[in-house]
Amino acid sequence: MSSFLTSLTPLAPYFISFLLLILILEQISYSKKKKSVPGPSFVFPFLGNVISLVCNPTKFWFDQSDLAKFSGYGFSVNYIIGKFIVFIRDSELSHKVFANVRPDAFHLVGHPFGKKLFGEHNLIYMMGQPHKDLRRRIAPNFTPKALSTYSALQQIIILKHLKLWVKLSSENDPNPIPIRFLARDMNLETSQDVFVGPYLEHEAREKFKRDYNFFNVGLMKLPIDLPGTGFRNARLAVDRLIKTLGVCTEKSKARMEKGEEPTCLIDFWMQETLSEISAAVKDSPPPYSSNREIGGYLFDFLFAAQDASTSSLLWAVTLLDSHPNVLAKVRDEVSKIWSPESDTLITAEQLREMKYTAAVAREVVRYRAPATLVPHVAGEDFPLTDTYKIPKGAIVFPSAYESSFQGFIEPDRFDPDRFLEERQEDVIFKRNFLVFGAGAHQCVGQRYALNHLVLFIAMFATLIDFERHRTDGCDEITYVPTICPRDDCKVFLFRRCTRYPNLSLD
């Protein structure tokens with residue numbers, strides 16, 4: 001061994017020189033792409049600033065925002081694991097990205113390493129006519145009739161979990177309980193029931209929950225695809241989840257073929273799909289109609305609905321606690337429209353009457369946009385401004401969070417009134433409200449998401465008395481990977497109503 005090492009010794013200077021040359025070329029490449037745009041002048045070889053991103057993502061992205069804001073550029077740059085990144089704060093520049101999702105401009109990726117996790121044929125990677133066709137097929141999932149069906153399921157599950165939360169809080173007295181994971185479990189059950197309700201057996205639900213946790217953990221890990229790593233566990237979990245959802249699709253097709261009434265999202269979808277299949281040429285099924293494909297698209301919905309919704313519920317509790325006047329107005333409005341003692345579900349008409357509560361929900365997602373960033377990849381060099389072209393291959397991050405603090409009147413203040421008829425800031429500053437994206441890939445399920453948040457706020461405020469356990473920095477933002485309060489929203493909970501309502505689908 002020693003003789004082998006001795007023989008390599010003369011080569012050491014050449015190896016070191018070659019390595020230094022590679023590092024210098026990498027730095028030159030970064031500087032050439034950066035030009036005069038604000039961002040670090042020098043970056044660590046290959047890794048760039050990934051350590052600071054992983055250790056403290058909140059500070060990392062706020063620092064990027066400050067660079068973009070105070071430089072006057074409206075955007076800034078950095079370098080992460082061999083990837084040049086562009087962070088966009090300015091709303092109009094973000095719209096420019098959203099409006100140019102096409103093969104020769106930007107490709108939506110949803111996550112910097114999303115294709116490795118979700119697969120190449122995921123809905124978010126589609127563009128052009130195929131994307132339009134698929135969205136047209138998805139549209140029946142969000143009609144008023146479908147949303148009304150989902151609303152009933154949502155309320156029953158929200159009630160079930162609120163009762164559980166109060167029980168846990170009582171058992172944990174005198175200590176508060178963190179509700180982040182409780183809210184996530186509630187949303188996962190809601191998504192399962194709304195999307196594929198009758199087709200998941202108890203055992204499948206438990207496996208589903210476990211696999212989704214693997215996926216969630218993997219989102220925040222480095223893309224090291226080796227056995228035992230969080231990223232590999234997440235990738236394998238996604239594959240199992242899609243297979244499970246594909247089986248649910250098959251079961252729904254069989255039930256809808258019998259002409260039964262739809263009871264969940266996949267049923268509404270399969271009604272339309274079966275019509276297209278029956279009209280298609282024999283042995284040539286319409287595109288996007290296989291069980292596996294639809295299972296993959298259902299997973300897209302799950303991913304979009306799950307963590308973003310959990311984030312919004314936590315911030316709703318936090319903001320209602322810190323704004324008692326807003327909480328009082330919500331309770332007053334709901335009490336005039338719906339009573340727990342009625343033992344009836346909140347109807348679609350009653351939900352529409354809760355205008356102030358709906359304004360609170362919209363202000364929650366504006367003030368704390370759950371999916372703060374919407375990653376895209378530049379397919380070609382793209383002229384972002386008159387003086388700067390985003391280089392091909394760069395990962396571009398339009399910030400929905402930062403856009404929400406531009407344009408609006410006193411944007412740093414939590415003020416639901418801005419969304420009421422008298423002020424209509426949602427109309428006046430529509431281009432700054434990018435919580436659900438914009439352009440061809442704007443969130444197709446945003447009405448469902450807002451309904452869920454309104455229902456939760458109405459029921460939580462009416463049925464529960466609560467108090468936030470406040471400590472220094474408890475409301476600071478942390479990424480998990482959507483944003484939530486740093487302390488996971490610790491609260492004390494008590495039953496407020498005389499008795500819980502008795503809700504059912506009958």
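**Overall architecture, helices and salt bridges of the predicted model**

Of the 506 residues in the protein chain, 52% are buried. The structure is a predicted model. For a chain of 506 residues, the rule for a compact globule gives a radius of gyration near 23 Å, and the value of 25 Å computed for the protein chain agrees with this. Along the principal axes, the C-alpha atoms occupy a box of roughly 85 × 60 × 55 Å. The protein chain has an accessible surface of about 23,500 Å², and carbon and sulfur atoms contribute 58% of that area. Among contacts in the protein chain with a separation of 6 or more, 72% are between residues 24 or more positions apart.

The secondary structure of the protein chain consists of 19 helices and twelve strands. Helix α19 covers residues 446–463. At 1.5 Å a residue, the 18 residues of this helix should span 26 Å, and the end C-alpha atoms are indeed 26 Å apart. Of these 18 residues, 15 are buried, so α19 is largely enclosed by the rest of the structure. Helix α18 comprises residues 425–428 and contains Val 427. The relative accessible area of Val 427 is 53%, and this residue is therefore classed as exposed, the cut-off being over 50%. Val 427 and Ile 337 are 90 residues apart along the chain, and their C-alpha atoms are separated by 26 Å.

The UniProt record, an unreviewed entry, lists residues 12–30 and 42–62 under "transmembrane region". In the model, residues 42–62 are 57% helix and 0% strand. The C-alpha atoms at the two ends of this segment lie 19 Å apart.

Charged side chains were examined next. Side chains of opposite charge can pair when their charged atoms come close. The structure holds 37 salt bridges. One of them joins Asp 104 to Arg 102, with the closest N and O atoms 2.5 Å apart. Both partners are partly exposed: the relative accessible area is 43% for Asp 104 and 31% for Arg 102.

Asp 415 takes part in a salt bridge with Arg 413, where the closest N and O atoms are 3.3 Å apart, and in another with Arg 423, where the corresponding separation is 2.7 Å. Asp 415 is buried, its relative accessible area being 6%. The arginine partners, in contrast, are partly exposed, with relative accessible areas of 41% for Arg 413 and 28% for Arg 423. Since the buried class ends at 20% and the exposed class begins over 50%, the values for Arg 413 and Arg 423 fall in between.

These pairings belong to a wider arrangement. Asp 415, Arg 413 and Arg 423 are linked in a network of salt bridges that also includes Glu 363, Arg 366, Glu 410, Arg 418 and Glu 425. Within this network, Asp 415 is paired with Arg 413 and with Arg 423.

Notes
Residues are numbered from 1 along each chain as its sequence is written. This is a predicted model: local features need pLDDT of at least 70, side-chain atom pairs count only at pLDDT 80 or more; totals for chains, interfaces and linings use all residues. Side-chain values use heavy atoms; hydrogens and water are left out. A salt bridge is a side-chain nitrogen of Lys or Arg within 4 Å of a carboxyl oxygen of Asp or Glu. Buried means under 20% relative accessible area, exposed over 50%, partly exposed in between (1.4 Å probe, protein chains only). Helices (H or I, at least four residues) and strands (E, at least two) are DSSP runs, numbered from the N terminus. UniProt positions are given in the numbering used here, feature names are shortened, and annotations may be inferred rather than shown by experiment. The expected span of a helix is 1.5 Å times one less than its number of residues. The radius of gyration is taken over C-alpha atoms; the globule rule is 2.2 Å times the number of residues to the power 0.38. Contact means heavy atoms within 4.5 Å. Accessible areas come from the Shrake-Rupley method with a 1.4 Å probe; for residues, only the protein chains shown count as cover.
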